[in-house]
Amino acid sequence: MSRALPKYNKRRVGIIGGAAAVALTGAIVAGSALAGETSKSNTTVQATTKAAVPTVNCPAVANRLPAIPASAKAEVDRNLALLNTQIAEANKRIVDTQGQGGPNFIQNAITNPLKDKRVATINRIATAIGRTAAKPVGLDALAPCTLNAAGVAAPAATPTQQAGGNTGNAGNTGNTGNTGNANAGNNGGAGTISCPDVASKLPAIPASAQAEVTRNLALLNTQIAEANTRLVNTQGQGGANFVQNAIVSPLEGKRASTIDRIVISIGRTAAKPVGLESLADCTFTK
């Protein structure tokens, strides 16, 4: 009996050790399976999150153009390519800034500035064609873009409508010299936006262009006043770049379009002024 007991103990130890090894192997297999499920789940979540990022959809411009004169083709092609670049940049910004700002961040900081850039680019296309052929009309309606996410859309108003809506301000022509400081003193502690004066940089204005130039100079004042009002109304909102992204950049886009309309109206019957696009940039002072 004393000799058989060690053998029994050895056999029992062997059985227990084998069972433990089987259990450990099962745990490793199960752990690997769970890890695989976790990885797959994370991949699915990431893919879903990425798929949920909206993209910008803008009307095609090329198929709405008339026959393009040979003299304008290079400029038109360059600006059509620029329209594509602007959309690609907007889509990249949507991805890069995902989760930033409030519920209106994409509209204020991306789609509105994109619309203003498109207005200026489409205007350049129409102007290039109009130099040697009939100038296409109604292309401004192609500037606004929408988002593919349900329930989120960019505003449909066009700068042309805005200019017309502010015709009543044309009587303030005497204040056009203050374009850079409109409403600058009424912002409390929110800071102010200042823009270069445009009226003083213009050449002699033909009589045929006076009304349109006056209207757009008044609109420049209105745009600055609206931007400074937004500074007050949105004080404390958004992150560090909120003012630049949601107020200053859209203002600069609007100014570029308005200045472009001034240049075009003068250029119809006189020498077209150059270099005015640099006056679109504005600064924010806290």
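This is a short talk about the salt bridges in one chain and the fold they sit in.

Okay, quick one today. Keep in mind that what you're looking at is a predicted model.

Let's get oriented. The chain has six helices and four strands. If you walk along from the N terminus, the order goes α-β-α-α-β-α-β-α-α-β. We've got 286 residues here, and 37% of them count as buried. The chain exposes about 15500 Å², with carbon and sulfur atoms supplying 58% of that area. And on contacts: take the ones between residues at least 6 apart in sequence, and 77% of those join residues at least 24 apart.

Now, the salt bridges. How many does the structure hold? Four. I'll go through some of them.

Start in helix α2, which covers residues 70–96. Asp77 and Lys73 pair up there through their side chains, at 2.7 Å from N to O. Both residues belong to that helix and they're four residues apart, so about one turn. Buried or exposed, then, for these two? Neither, really: Asp77 has a relative accessible area of 35%, so it's partly exposed, and Lys73 is partly exposed too, at 43%.

Stay on α2 for a second, since Glu75 is in that helix as well. Which residue does Glu75 form a salt bridge with? That's Arg131, and the closest N and O atoms are 3.0 Å apart. This pair links distant parts of the chain, with the two positions 56 residues apart in numbering: Arg131 is in the loop between α3 (105–130) and β2 (146–147). Glu75 comes out as partly exposed, with a relative accessible area of 21%. The cut-off for buried is under 20%, so that value lands on the partly exposed side.

Next, further down the chain, look at Arg268 and Glu212. Their side chains meet in a salt bridge at 3.1 Å, N to O. Here too the pair links distant parts of the chain, 56 residues apart. Where do the two residues sit? Glu212 is in helix α5, residues 207–233, while Arg268 is in the loop between α6 (242–267) and β4 (283–285). On accessibility, Arg268 is exposed, with a relative accessible area of 52%, whereas Glu212 counts as partly exposed at 22%.

So, to recap: Asp77 and Lys73 pair up within helix α2, Glu75 in α2 links to the loop after α3 that holds Arg131, and Glu212 in α5 links to the loop after α6 that holds Arg268. That's it from me.

Definitions and conventions. Residues are numbered from 1 along each chain as its sequence is written. This is a predicted model: local features need pLDDT of at least 70, side-chain atom pairs count only at pLDDT 80 or more; totals for chains, interfaces and linings use all residues. Side-chain values use heavy atoms; hydrogens and water are left out. Buried means under 20% relative accessible area, exposed over 50%, partly exposed in between (1.4 Å probe, protein chains only). Contact means heavy atoms within 4.5 Å. Accessible areas come from the Shrake-Rupley method with a 1.4 Å probe; for residues, only the protein chains shown count as cover.
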